[in-house]
Amino acid sequence: MTQGAGQGPVVRTATLRDFRVPPYAQVPVQSQVADPGHPGNAYPGGEAPEGYTPTARDLPVISLGGPGDTVQVRVEPDPQPAPGGRGPLYVVGDVHGYLEELVAALAEQGIIDADLRWAAGNARLWFLGDFTDRGPDGIGVIDLVMRLSAEAAAAGGYCKALMGNHELLLLGAKRFGDTPVNSGAGTATFQAAWLLNGGQKYDMDRLQEVHLQWMARLDAIVEEDGHLLLHSDTTAYLDYGGTIDDVNDAVHEVLTRNDADQCWDLFRKFTKRFAFRDEGGPDAVRELLAAYGGRRVVHGHSPIPYLLGEVGTEDGEDGARPLVDGPHVYADGLAIAMDGGVTMAGKLLVQQLPLQD
């Protein structure tokens, strides 16, 4: 089932000038055309997971502040504090460089103000990974998240992020470039995989050591208020430990070793998907919950249109496009998918938890 935001919001139309986009977001970016066989998240070694439906789609170019550009902004009621004095809990799905959409989605929930500053007090905000690639301004997204993390902490809340497979991909492309790695299906390189998965030269040119250190320190999995938060809908996390701390320590250790083959294996495993979708999906979720705790898994990575089998195309019948109103609850209600498919003209999701069925 697909869930939307809260009921009864007042809707206004705001121009992009309502949001003071930082200067780095205003540099023109050229579009990059995806490979015709690009499945939306190219699988290492070319062996697409069973049931994966590819699409051929040009990466959209977002114009920032041009004449006539508007975004829909929902003005929501003030969020209610969670029990125990902690602020409300929010999660953000895959951003993939779409800074404009991220700004609009955060503003819609009252998390940032018109100056793009933290406005949510003691709220708790978790990004589920995949900040870069495909979209026009991945480094701008990372810069915004890093700044919001400091501002949220000063306000008594927090803004944190998890490791996605695209963070591993960008780290690998920067560290190892064209160094051959053992992909299990012949010779591969991080650089080639990064480009295949929508790597943007504009991001690589602005990538600094502070970004690399920030990405390398991200945790892979966390539990909040009974929600097991992770990026990928896979059980591969179990390969790295039987507790949350074990998994996060193991991931950090792999990245610290700086071994290309080990980093590739980590990337390959975190690129797996659809473990929760089919008949054995509920059992796969229960296996993770039994190991790491929580009552529900919340993940990104696999776009909701793919999970629903409603894959959009660029020239669909009657202008068809992926229709995503909100998170997708599935696997007997044990899993919540948060990747709204922003890279295929879907929706960048920011959702307050808990989410009622």
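**Two sheets and a helix pair**

Visitor: What kind of crossing does α3 make where α3 passes α8?

Guide: In this predicted model, the crossing of α3 past α8 is left-handed.

Visitor: What makes a crossing left-handed?

Guide: The near helix has to be turned anticlockwise from the far one by less than a right angle, and the pass of α3 over α8 is classed that way.

Visitor: Why are α3 and α8 called roughly antiparallel?

Guide: The axes of α3 (residues 165–176) and α8 (residues 260–270) cross at roughly 155°. Angles over 145 degrees count as roughly antiparallel, so α3 and α8 earn that label. Their axes come within 9 Å.

Visitor: Which residues make the contact between α3 and α8?

Guide: From α3 it's N165, L168, L169 and F176. From α8 you have A260, C263, L266, F267 and F270. Contact here means heavy atoms within 4.5 Å.

Visitor: On to the sheets. What makes β5 and β13 edge strands?

Guide: The open sheet of 4 strands runs β5-β4-β3-β13, with mixed pairing. β5 (158–161) and β13 (350–353) each have a single partner strand, so one side of each is left without a neighbour in the sheet. From one strand to the next, the twist averages 20°.

Visitor: How do you know that β3 and β4 pair?

Guide: Two strands pair if there are at least two bridges between them. β3 (residues 89–92) and β4 (residues 124–127) have 4 bridges, in the parallel sense, so they meet the cut-off. As a spot to look at, Y90 stands opposite L125 in β4.

Visitor: What is the strand order in the open sheet of 5 strands?

Guide: That one goes β8-β9-β10-β12-β11, again with mixed pairing. β8 (221–224) and β11 (328–330) are the edge strands, each pairing on one side only. Neighbouring strands are turned by 25° against each other on average, direction ignored.

Visitor: How do you know that β9 and β10 pair?

Guide: There are 3 bridges between β9 (residues 227–230) and β10 (residues 296–299), in the parallel sense. At least two are needed, so this counts as a pair. Here L229 stands opposite V298 in β10.

Visitor: Which strands does α9 touch?

Guide: α9 (residues 281–292) packs on the sheet and touches β8, β9, β10 and β12 (335–337).

Visitor: What would you call the angle between α9 and β9?

Guide: α9 makes about 105° with the direction of β9. The band from 65 to 115 degrees counts as roughly perpendicular, so that term fits α9 and β9.

Note on methods. Residues numbered from 1 in each chain as written. Predicted model: local features only at pLDDT ≥ 70, side-chain atom pairs only at ≥ 80, totals over all residues. Heavy atoms only, no water. Axes fitted to C-alpha atoms, helices over the stretch in contact; angles between N-to-C directions. Parallel < 35°, antiparallel > 145°, perpendicular 65-115°, else oblique.
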